[in-house]
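Colleague: Could you walk me through this model? I'd like to go one question at a time.

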Amino acid sequence: APRILSGMQPTSDSLHLGNYLGALVNWVSLQDDFDAYYFVADLHSLTVPTDPQVLRERTRVTAAQFIAGGVDPQRSAVFCQSHVAEHAELGWVMNCLTAFGEASRMTQFKDKTAKGQNANVGLFTYPMLMAADILLYDAAYVPVGEDQRQHLEVTRDLAERFNTRFGEALVVPQPYIVKGSAKVMDLQEPTAKMSKSTSGPKGLIDLMQDPSKIAKNIRSAVTDTDGEVRYDVEAKPGVSNLLVIHSVLSGTRVEELERAFAGRGYGDLKKEVAEVVVTAVEPFQARMRELLDDPAELDRVLAMGAERAQEVARATMERVRQRVGLLPAV
Ligand code: TYM
């Protein structure tokens with residue numbers, strides 16, 4: 001089967017609904033048809049200073065959430081980025097293929113530095129490490145949300161550049177971005193994406209949050225004054241966001257929802273969206289409790305995943321070393 005790969009940063013104690021609908025749901029459905037590699041991007045998280053013990057815990061919790069969300073570690077490799085040293089190694093090669101100006105133009109870096117955030121060099125080279133993550137596994141597709149599109153373009157450019165300069169050795173990946181749920185919006189500010197770093201507590205739905213709090217946040221979501229339940233991202237971003245959330249979780253098409261809510265108010269819509277979200281989140285949280293009860297088993301799963309990942313990564317890195325002219329160590 002063709003290979004796919006994706007990762008998430010362990011930036012908090014809980015994934016949010018954007019991570020879930022924009023990425024994890026697709027990871028789960030794609031593992032039936034692809035040879036899938038899913039990892040916790042702990043090296044990427046070092047770009048934001050974090051307490052070491054907290055980082056360790058978040059890394060475990062993030063891996064557990066992949067599994068609680070439906071990733072099957074027997075079929076898909078679930079692992080930690082830092083457990084496969086080749087990520088950092090190929091990352092260096094990618095840095096050396098990237099022009100300084102090219103890296104300076106990346107929006108993530110520009111946004112963070114523009115906000116006066118004290119950026120480190122790791123943040124600057126973040127996209128090249130991400131390119132290495134993907135290219136190490138010869139991934140044909142990369143299931144991510146819309147916000148990662150630019151990173152994938154850089155990855156494609158770097159793969160093509162490598163192949164042109166050194167001869168075909170790397171697979172040029174395609175983004176796998178599902179329309180609709182690829183950008184889940186902030187509940188309070190529905191023109192901005194739901195984000196761990198920018199959304200306030202009422203704009204965000206954490207998967208590990210108390211279900212009653214989730215329902216409350218959905219009931220107080222910002223909508224508009226026109227009163228009609230209709231999908232229109234431009235004119236009605238709040239209502240459209242709620243319709244998408246409902247649609248993906250309930251498996252009901254947006255047009256069907258529009259029909260079902262015709263002539264009914266936003267209160268009804270919010271109540272039903274809250275039910276749909278809570279129904280999805282409750283079994284997820286129960287499974288998380290089981291997984292976190294047995295950290296040794298979780299570590300065993302991660303070790304098994306790393307072993308599978310290493311096998312592929314080692315072969316690619318071997319090829320890369322040879323192509324770029326690094327002397328083999330004998
Ligand atoms: P991260 O950890 O920020 O997000 C993980 C995944 O969640 C998606 N996502 C969203 N989707 C829809 N709506 C939202 N509001 C929303 N917020 C986040 C992201 O698009 C992503 O798919 N750079 C990556 C991690 C990474 C990676 C990789 C991904 C490192 N190496 C290699 C793929 C392949 C990141 O920070 O994602």
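Colleague: Which residue does arginine 319 meet in a salt bridge?

Modeller: This is a predicted model, where local features need pLDDT of at least 70, side-chain atom pairs count only at pLDDT 80 or more, and totals for chains, interfaces and linings use all residues. Residues are numbered from 1 along each chain as its sequence is written, and side-chain values use heavy atoms, with hydrogens and water left out. A salt bridge here is a side-chain nitrogen of Lys or Arg within 4 Å of a carboxyl oxygen of Asp or Glu. At 3.0 Å, N to O, the side chain of arginine 319 fits with that of aspartate 138.

Colleague: How many residues apart are arginine 319 and aspartate 138?

Modeller: Helices (H or I, at least four residues) and strands (E, at least two) are DSSP runs, numbered from the N terminus. Arginine 319 sits in helix α14, while aspartate 138 is in the loop between α8 and β4 (141–143). The pair therefore links distant parts of the chain, and the spacing is 181 residues.

Colleague: What is phi of aspartate 138 near?

Modeller: Most residues other than glycine have a negative phi. Aspartate 138 has a positive value, near 50 degrees.

Colleague: Now the ligand: which residue has a polar side-chain atom 2.6 Å from a nitrogen atom of the ligand?

Modeller: Polar contacts are pairs of N or O atoms within 3.5 Å; within protein, one must be able to donate a hydrogen and the other to accept it, and residues adjacent in sequence count only if both atoms are side-chain atoms. A backbone N or O atom of glutamine 9 lies 2.9 Å from a ligand oxygen, and a polar backbone atom of glycine 18 is 3.1 Å from a ligand nitrogen. The side-chain contact at 2.6 Å belongs to aspartate 133.

Colleague: How much of the ligand's exposed area does the protein bury?

Modeller: Accessible areas come from the Shrake-Rupley method with a 1.4 Å probe; for residues, only the protein chains shown count as cover. Taken alone, the ligand exposes 710 Å². Of that, the protein buries 95%.

Colleague: How many residues surround the ligand?

Modeller: A residue counts as near if one of its heavy atoms lies within 4 Å. The closest are Tyr126, Asp133, Gly145, Asp147 and Val184. Elements that each supply at least two shell residues include β1 (3–8), α1 (17–30) and α8 (126–135). The total is 28.

Colleague: Which element gives the largest share of the lining of the second largest pocket?

Modeller: On a 1 Å grid over the protein atoms alone, a pocket is an open set with protein on both sides within 12 Å along at least five of seven lines, and lining residues have an atom within 4 Å of a point. Of the 13 lining residues, the closest to the centre are Asp42, Arg56, Thr59, Cys80 and His83. Two or more residues come from each of α2 (42–45), α3 (52–68) and α14 (295–324). The largest share, five residues, comes from α3.

Terms used: 1 Å grid on protein atoms, 1.4 Å probe; cavity = no way out; pocket = protein on both sides within 12 Å on 5 of 7 lines; lining within 4 Å.
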